[in-house]
Amino acid sequence: MASVSPLAKRLPRELAHNPGKYAALFLLISLTIAVISGYLVASRSIERVLANDKASCRLEDYSLCTQFEASDEALAAAEDVGPGSRIYRSFYSDVALSATGRDAAARQEGATKDVSATVRLFKNRDEVDTASYVDGSAPVADDQIALSRTFCDNNGLRVGDTVRVSGRELTICGLVALPDYQALMVKNTDLIFDGLTFTVAQVTPQAFDRLKGSITYHYAGIFDERDLSLKERDDHERDVVKALSDHGARVTELHDRTDNAGLTYADDDLVGDQTMYATAGVILLVVASFAFAVLTDATIEGEAPVIGTLLASGYRKGELVRHYLALPMAVGVMAAAAGNLLGYVVLTRPYATLYYTSYDLPPYQTFFFPELLATTTVLPLAILLVITFAGVMRKLGATPLAFLRGEVGHNSRRGGLPLPRAWGFVSRFRARVLLRNLSHFVVLFGGILFSSFVLVFGNMMLPTIRHSGEQAARTIPAGHLYLLKAPLEIDVSQEQQDGAAALKELQDLQDPARELSRERYLDLMRRSSLTADDPRVRAGHPLNSRHNAPKDVSEAEKFSVMTLRVPRAGSSGEEEVSVYGIRVNSSYWRFDVSGGKIVMGRGLASKCDVRPGSQYTFRDPYADRTYTLAPDVIAGSDTDMNVYMSQSTWAEAFERDRDEFNGYASDKSLSLDERYVAGELTPAQARKAGDQIVTSMGNIGRMLTGLAAVVSLLLIYLLTKTVIDRSARYISYMKVFGYHESEIRRLYLRSITIAVVTSLVLTMPLALWLAERLMRRALADYPGYLPFVVPPPVLALTLGMELVAYALVVLLHMLHIRRVPLSEALKVQE
């Protein structure tokens with residue numbers, strides 16, 4: 001039997017002598033690989049689930065909305081342009097929903113909560129954007145409804161529960177995921193989805209007609225040729241809009257599927273998070289590998305006389321290199337295996353749940369990806385091998401005589417530097433501890449920088465979101481902003497209101513002369529004619545058929561608004577911008593727009609790098625026109641993404657009539673004819689968006705914070721323990737000379753404390769800067785602007801978490817110093 005090499009016999013002794021060191025290294029590598037592999041497998045599995053679903057659901061290529069229903073002739077003309085496409089009606093109606101859900105946050109069992117939300121009703125889809133059912137089935141009876149799974153999960157609703165929609169009770173028959181509403185976006189321009197107070201639903205056609213309110217005339221198009229380039233798609237969609245406009249249908253929204261936030265938000269989130277996790281994982285692995293290298297250096301320095309003897313006895317440098325690489329690589333291989341096992345088996349479901357809590361996705365399946373397994377195994381080991389090998393080769397470059405004399409490492413250079421005598425013994429002693437271990441503290445600085453960055457990013461996420469929600473609420477100047485499809489006049493007499501109501505009743509019938517009695521038909525015709533002579537009606541302004549109190553009418557303020565696009569500064573995309581025409585000296589908007597001034601929101605200026613006095617090009621994608629605007633003032637909140645000017649300036653800039661308007665601002669709720677209402681904005685909606693982000697991203701923030709805390713603890717422990725290990729002989733000398741343990745701790749641990757605290761203070765500005773850069777880059781392609789906010793309590797919490805981690809390390813070091821034996825001082829030092 002072949003004899004075991006003397007070097008190989010040393011490996012078990014080294015492992016037994018330093019179990020804490022190698023256990024910490026094992027945990028650092030395995031936890032990092034587990035987090036990265038678990039996330040990547042979960043996110044790639046979700047991507048495959050989505051790809052399979054999109055291939056089977058006849059996903060739209062583009063979607064558009066018209067002001068009023070397009071005629072069959074207009075749709076036929078639009079379908080015939082370019083390479084051709086098929087356009088499907090996919091009308092929807094936003095109505096009120098109320099229910100009693102289960103309160104999962106309450107401590108008592110069976111607790112309930114009141115649910116109040118907006119539900120977007122669709123008829124059962126069977127031609128385009130067909131639904132996936134996570135639970136239950138599609139509605140078949142008029143008293144059934146299928147609701148978004150995400151909304152139901154967030155509000156404690158299940159199949160079989162009862163909800164009230166438009167005042168009628170319906171039974172939830174299924175939990176649905178619509179492919180064009182994977183993210184529950186109320187509007188495509190919203191910064192964030194809303195799975196708390198907004199949901200989509202499918203009902204039978206008969207139930208839709210009974211429950212509907214104001215209808216949005218939404219259409220989904222599928223190209224005859226599905227492999228068109230992006231430019232060909234864009235050209236085709238412009239031709240579709242022109243054909244509809246030529247036939248009297250005014251297009252108010254147009255979105256290619258690549259621009260549909262409800263459809264792409266989850267995909268973009270997955271891709272962005274994969275990049276973030278992979279980058280963070282590589283950085284952490286590099287830091288961990290440097291920790292391995294530093295610890296191996298310390299081991300080589302501690303065994304310098306032994307190494308010198310081995311080299312003098314004929315051992316080759318290659319044998320020693322393999323020996324000192326063997327234990328780190330063995331630990332690395334075991335850590336990689338354990339990390340992948342933990343990631344695949346334990347963490348994939350929790351990671352998938354993070355996305356299923358936020359998005360309406362088809363049922364989850366975990367897939368096996370061989371390339372990911374190779375990446376999360378080979379790459380970490382390669383990084384570990386290269387960095388550790390470089391460190392070992394650098395250390396073993398000394399001569400055998402230098403090893404025998406103990407002249408390796410940095411002791412002979414920095415440790416012997418002359419220090420000022422005025423410092424005193426204690427100060428000079430601590431300075432020499434820092435100098436002798438400078439390389440360890442440099443790596444410690446890098447590790448603390450990384451952990452501080454992750455801690456700051458995780459801790460600042462929720463405060464930033466809450467601040468942005470409050471700031472976004474401030475950009476809505478009134479209790480209600482009503483967006484109109486046509487300039488609806490609300491200052492009407494009772495007679496005009498009755499006439500408008502009669503006209504509405506006639507227009508709602510397909511053939512009034514046949515469906516009504518002659519007397520009723522003539523009465524409605526007579527009453528509706530009372531509005532014909534009103535000059536506002538002749539100008540194309542319909543009259544409101546609903547009653548509003550005179551005071552509410554007088555306090556309501558007309559405004560004009562138009563949606564344009566402007567290039568973003570941080571990406572190749574465009575930002576959708578609302579350009580408002582408001583009254584000079586408005587009661588709601590506190591901007592000076594007199595004299596033709598143009599005011600640009602502070603958030604838009606930051607996102608698109610806008611400067612006062614410079615000209616910027618804004619594009620109308622629906623009319624294929626561009627406009628040049630030069631802002632005079634940057635104002636508003638940090639999240640304000642709008643442009644403001646007077647109504648006369650707005651009419652002149654966009655070549656509209658001076659009396660044209662398409663909205664009302666009012667602190668009071670107005671009763672408006674739902675046929676002319678395009679939407680409503682309230683400050684509460686903006687706050688709800690912030691609540692949604694907190695709900696969906698809170699777990700991610702807590703996970704990042706927990707990981708950073710563990711990493712910080714392990715790195716500080718490993719790198720500071722090496723300082724104690726290298727100083728074991730000196731600590732033993734001090735014990736022999738009669739120093740108390742408390743005095744020894746003050747000399748060594750305070751030196752380490754100085755290095756740790758200094759690193760914490762110096763890395764905090766860098767961590768803040770990196771976190772802000774990362775957030776801006778991550779959100780560059782998303783609509784809206786999220787200002788970076790780190791309140792002082794967040795900084796205090798971050799520093800506190802790292803100091804608590806260090807306090808735990810100090811307790812371990814105190815025990816370590818106590819265990820240093822007096823016999824260490826008696827060992828022969830050649």
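Here is a short walk through a few spots in this predicted model, from its cysteines to a surface patch and a strand residue.

Let's start with the sulfurs. Going by the 2.5 Å cut-off between cysteine sulfur atoms, the disulfide count is zero. Take cysteine 152: the closest cysteine sulfur to its own belongs to cysteine 173 and sits 10 Å off, so the gap is too wide for a bond. Looking from the other end, cysteine 173 is in no disulfide either, and its nearest cysteine sulfur is that of cysteine 152, 10 Å away. Are these residues buried or exposed? Cysteine 152 has a relative accessibility of 1%, so it counts as buried. Cysteine 173 comes in at 10%, and that makes it buried as well, because the label applies to anything under 20%.

Now for the surface. Phe425, Val426, Val736, Phe737 and Tyr739 make up a nonpolar patch there, and together they have about 500 Å² of accessible area. One member to click on is phenylalanine 737, which you'll find in the loop joining helix H22 (728-736) to helix H23 (741-778). Its relative accessibility is 64%, so phenylalanine 737 counts as exposed.

Last stop: serine 116, which is part of strand E4 (residues 112-123). With a relative accessible area of 57%, serine 116 is exposed. Which residues does serine 116 touch, leaving aside neighbours within four places in sequence? Those contacts are Leu97 and Thr197. For a sense of scale, pick leucine 404, 288 residues apart from serine 116 along the chain: their C-alpha atoms are separated by 79 Å.

Note on methods:
Residues are numbered from 1 along each chain as its sequence is written. This is a predicted model: local features need pLDDT of at least 70, side-chain atom pairs count only at pLDDT 80 or more; totals for chains, interfaces and linings use all residues. Side-chain values use heavy atoms; hydrogens and water are left out. Buried means under 20% relative accessible area, exposed over 50%, partly exposed in between (1.4 Å probe, protein chains only). Patches are made of residues with over 30% relative accessible area and no salt bridge: like charges are joined within 9 Å, nonpolar side chains (Val, Leu, Ile, Met, Phe, Trp, Tyr) within 5 Å. Accessible areas come from the Shrake-Rupley method with a 1.4 Å probe; for residues, only the protein chains shown count as cover. A salt bridge is a side-chain nitrogen of Lys or Arg within 4 Å of a carboxyl oxygen of Asp or Glu. Helices (H or I, at least four residues) and strands (E, at least two) are DSSP runs, numbered from the N terminus. Contact means heavy atoms within 4.5 Å.
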